[in-house]
Amino acid sequence: SMKRALYKLKLKPNIAYIDGLFIPKNIKIKCKAIVKGDEKNISIAAASILAKCERDIFMIKLSKKFPQYRWNKNFGYGTKEHLKSLKIYGITKHHRKKFKPIHHILISNKRETL
């Protein structure tokens, strides 16, 4: 997703600062990984704030479409209430399939259909 985001930029940066240890492979933009970058680099800190605000807005919109998951209260974090809703209502296309509880539900559903 980071690679897609970088390639969609209208203005290509001279360098992209990455919060973390790893840089996406086969990327044609100069990158610098900074561990705890949101604490050390103002650009990463600002991007982090913007990303969290956008995520919160998206989660509020999702909660209107799927009120049973209460995304407006948990903002995508695996609270006990949200995990209970997953067991009752199942998984939507908006759930992260690699998130451990979702992954376990998918595997168990797959086993049940075999």
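Visitor: How many salt bridges does a search of the whole structure find?

Guide: The search finds two salt bridges, where a salt bridge is a side-chain nitrogen of Lys or Arg within 4 Å of a carboxyl oxygen of Asp or Glu. This is a predicted model, in which local features need pLDDT of at least 70 and side-chain atom pairs count only at pLDDT 80 or more, while totals for chains, interfaces and linings use all residues. Residues are numbered from 1 along each chain as its sequence is written, and side-chain values use heavy atoms, with hydrogens and water left out.

Visitor: What makes Arg70 and Glu81 a salt bridge?

Guide: The closest N and O atoms of Arg70 and Glu81 are 2.9 Å apart, and the definition asks for a distance within 4 Å, so the pair qualifies. Arg70 lies in the loop between α3 and α4 and Glu81 in helix α5, so the pair ties together parts that are eleven residues apart in sequence. Helices (H or I, at least four residues) and strands (E, at least two) are DSSP runs, numbered from the N terminus.

Visitor: Why is Glu81 called partly exposed?

Guide: Buried means under 20% relative accessible area, exposed means over 50%, and partly exposed is in between (1.4 Å probe, protein chains only). Glu81 has a relative accessible area of 43%, and is therefore partly exposed; Arg70, with 35%, is partly exposed as well.

Visitor: How do you know that Asp56 and Arg55 meet in a salt bridge?

Guide: The N to O distance between their side chains is 2.8 Å, so the pair meets the cut-off for a salt bridge. Asp56 counts as partly exposed at 25% relative accessibility, and Arg55 counts as partly exposed at 29%.

Visitor: How do you know that the span of helix α3 agrees with its number of residues?

Guide: The expected span of a helix is 1.5 Å times one less than its number of residues. For the 24 residues of α3 (residues 42-65) this gives 34 Å, and the end C-alpha atoms are 35 Å apart, which agrees.

Visitor: Why is Ser63 called buried?

Guide: Ser63, which lies in helix α3, has 8% relative accessibility and therefore counts as buried. Leaving aside its neighbours within four places in sequence, Ser63 is in contact (heavy atoms within 4.5 Å) with Trp71 and Asn72. A polar atom of the Ser63 side chain also lies 2.6 Å from the backbone oxygen of Ile60.

Visitor: What caps the N-terminal end of α3?

Guide: Asn41 is the cap, since one of its side-chain oxygens lies 2.9 Å from the backbone nitrogen of Ser43.

Visitor: What makes the link between His82 and Asn74 a polar contact?

Guide: A polar contact is a pair of N or O atoms within 3.5 Å; within protein, one must be able to donate a hydrogen and the other to accept it, and residues adjacent in sequence count only if both atoms are side-chain atoms. The side chains of His82 and Asn74 are joined at 3.4 Å, so the distance satisfies that limit. His82, placed in helix α5 (residues 80-89), counts as buried at 3% relative accessibility.

Visitor: Why is Phe22 called exposed?

Guide: Phe22, in the loop between β1 and β2, has a relative accessible area of 66% and is therefore exposed.
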